[in-house]
Amino acid sequence: MSNLIASQKVMQHYLSALLTEDEPIAPAAEVAIAEQKKQQLNELLAQAVVTEVVAETVTKAKVAAPVVAEADAMAALKAKFAEAEASQALQQRAVPVSERIISTVSKPVPPTPPAVAAAPVKDYRRGRFQALFFDVAGLKVAVPLKELGGIHQIGSINSLIGKPQWFKGVMLYREQKISIVDTARWVMPEKYDQSLQQKLNYQYVIMLGNSNWGLCCETLVNTYVLEQDDVKWREAEGKRPWMAGLIKKHMCVLLDVDAMIDLLNRGLDISA
């Protein structure tokens, strides 16, 4: 199309040149002019062909450039996609099938275990405290006053069948049934014999806290004020849970009232 237009322009230029010639020309001059015109026509035609070739080349380049750019972009995307697929395949090969299945299932959250409340610190473990000392078969025993439920004179005791030997029976005090413990038999069962039994002269009942348990005792010694350093406290759990500690100056046992109540409720003696 562009070649045809260029050719038409050359012909128009040539014809317009011919139409502007009014004067007659000599044959020789006419031949020379014709040759000159022919040469000019050939030059114009050559320029037209070169112009068309350059235009077509430029047009092809413009058309091809977006295509090449688009092809390059598609090739880059395909390469990245292939690389991602290869990486994912390697990861799946590295992880066992069982783990991949488990990872797809949401793991249930284990229930939070209830918090275990710390054992409350006993009042007599906070500084100075008072303790009541009493005597049983020559053995001196102490109980913190803050865990003393009361003191009663011993009265009539009704024995019960099927109870441990250290369980003397039940004593009624103002409509309260008190479970009486033969303290000497409970504290020193290996030394308790008929001779010791005959020598015992129980006069009082030492009540343990708010429970119905009462310890028989022969005499009430006194109450003393104690410092924390006066007691060698039992720190480790294990044997003798009924013993809170040893009062060094008086060389006597300080009872752990709560632990002793627990043992009595379970029918156990000092050997537990």
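Here's a quick briefing on the main pocket, the sheet and the salt bridges in this structure. Bear in mind that this is a predicted model. The largest pocket comes in at about 250 Å³, six strands build an open sheet with mixed pairing, and the salt-bridge count is 7.

**The largest pocket**

- The volume of the largest pocket is about 250 Å³, and 17 residues line it.
- If you want to find its centre, look for Leu139, Val187, Trp242, Val253 and Ile270, which are the lining residues closest to that point.
- Several elements chip in: strand 2 (139-144), helix 4 (183-187), strand 11 (243-247) and strand 12 (252-255) each give at least two residues to the lining.
- Sorted by class, the lining holds 14 nonpolar residues, with 1 polar and 2 charged ones making up the rest.

**The open sheet**

- Reading across the sheet, the strand order is 3-7-8-6-5-4, and the pairing is mixed.
- Strand 3 (148-153) and strand 4 (157-158) sit at the edges, each pairing on one side only.
- Inside that order, strand 5 (residues 167-173) and strand 6 (residues 176-181) run antiparallel, joined by 6 bridges.
- For a landmark in that pairing, take Gly169, whose bridge partner in strand 6 is Ile180.

**Salt bridges**

- There are 7 salt bridges in total.
- Lys122 and Asp258 form one of them through their side chains, at 2.7 Å from N to O.
- That pair ties together distant parts of the chain, 136 residues apart: Lys122 belongs to the loop between helix 3 (97-104) and strand 1 (129-136), while Asp258 is in helix 6 (residues 257-265).
- Asp258 counts as partly exposed because its relative accessible area is 45%.
- Asp262 pairs with Arg266, with the closest N and O atoms 3.0 Å apart.
- On the exposure side, Asp262 is partly exposed at a relative accessible area of 37%, whereas Arg266 is exposed at 52%.
- Shared partners also make a network out of some salt bridges, joining Lys122, Glu147, Asp256 and Asp258.
- Asp123 and Arg126 make another salt bridge, where the closest N and O atoms are 4.0 Å apart.
- In that pair, Asp123 is partly exposed, with a relative accessible area of 43%.
- Its partner Arg126 has a relative accessible area of 56% and so counts as exposed, given that the cut-off for exposed is over 50%.

Conventions
Residues numbered from 1 in each chain as written. Predicted model: local features only at pLDDT ≥ 70, side-chain atom pairs only at ≥ 80, totals over all residues. Heavy atoms only, no water. 1 Å grid on protein atoms, 1.4 Å probe; cavity = no way out; pocket = protein on both sides within 12 Å on 5 of 7 lines; lining within 4 Å. Points joined across faces, edges and corners; volume = space filled by probe spheres on them. Helix = DSSP H or I, 4+ residues; strand = E, 2+ residues; numbered from the N terminus. Nonpolar A, V, L, I, M, F, W, Y, C, P; charged D, E, K, R; others polar. Pairing = 2+ DSSP bridges. Buried < 20%, exposed > 50% of the residue type's maximum accessible area, 1.4 Å probe, protein only.
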